[in-house]
Amino acid sequence: MQRGDWIGGKPSPDPADRVKAWKKQTVFAEHELPGTARHDPLAYLQNRSVDWLDHQLAARELLDIDPASTYLVLEHEYPPARVQDPDRLAPILEGSLAFVRAIDAAAAAMYSLQHDVLRSQGIAVQGFGREPFRS
């Protein structure tokens, strides 16, 4: 959606344009490996970084998925950690996956508390809570 290879709302038929598919994203923000970015609220507001808790919570609230049976795909594009040696890469990916799984568990707990537990007891969520694209 809104990638650098679209012309007039459709993918360009020109292969040279398709090479620019990710140009728009990489101009504005460097790729991240989940769990490696420093916490920078301003970066989140400027779409230069990912708030992974919001990311996982939004997946539950906005997408028609069953989180328990949906695959988690970790796309590894953080330039300094793009090592080719499998022995060096394995602990990097293991640490990043552990981070995403922990954040996903936190999002599941937050979603359940806000949408199931409190609602079942007639208790409103305090304030706005954490909403996709709001925090």
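Which residues does Gln56 touch, not counting residues up to four places away in sequence? The answer comes in one of the close-ups below, all taken from a predicted model.

**Figure 1. The whole protein, as five helices and two strands.** Start at the N terminus and walk along the chain: the elements come in the order β-β-α-α-α-α-α. The protein has 135 residues, and 23% of them are buried. About 10000 Å² of the protein is exposed, with carbon and sulfur atoms supplying 57% of that area. Now take the contacts with a separation of 6 or more: 50% of them are between residues 24 or more positions apart.

**Figure 2. The largest nonpolar core, built from five residues.** Here you're looking at Trp52, Leu53, Leu57, Ile103 and Ala107. Two helices, helix 4 (52–62) and helix 5 (86–120), each supply at least two residues of this core. Helix 4 gives the most, with three residues.

**Figure 3. Gln56 and the residues it touches.** Gln56 sits in helix 4. Is Gln56 buried or exposed? Its relative accessibility is 7%, and the cut-off for buried is under 20%, so Gln56 counts as buried. Back to the opening question: leaving out residues up to four places away in sequence, Gln56 touches Leu72, Val100, Ile103, Asp104 and Ala107. Two of those names, Ile103 and Ala107, may ring a bell from the previous figure, where they belong to the largest nonpolar core.

**Figure 4. Arg38, out in a loop.** This loop runs between helix 2 (23–28) and helix 3 (41–45). Why does Arg38 count as exposed? Its relative accessible area is 76%, and exposed means over 50%, so Arg38 makes the cut. For a sense of distance, look across to Ser49: Arg38 and Ser49 are 11 residues apart along the chain, and their C-alpha atoms are separated by 8.9 Å.

**Figure 5. A nonpolar patch on the surface.** Which residues form this patch? They are Leu62, Leu63 and Ile65, and together they have about 270 Å² of accessible area. As for where to look, Leu63 lies in the loop between helix 4 and helix 5. Those two helices are also the ones that each supply at least two residues of the core in Figure 2.

How values were computed
Residues numbered from 1 in each chain as written. Predicted model: local features only at pLDDT ≥ 70, side-chain atom pairs only at ≥ 80, totals over all residues. Heavy atoms only, no water. Helix = DSSP H or I, 4+ residues; strand = E, 2+ residues; numbered from the N terminus. Buried < 20%, exposed > 50% of the residue type's maximum accessible area, 1.4 Å probe, protein only. Contact = heavy atoms within 4.5 Å. Areas by Shrake-Rupley, 256 points an atom, 1.4 Å probe, with all protein chains shown as cover. Core = buried A, V, L, I, M, F, W, Y, C linked by side-chain atoms within 4.5 Å. Patch = residues over 30% accessible without salt bridge, like charges linked within 9 Å, V, L, I, M, F, W, Y side chains within 5 Å. Salt bridge = Lys/Arg side-chain N within 4 Å of Asp/Glu carboxyl O.
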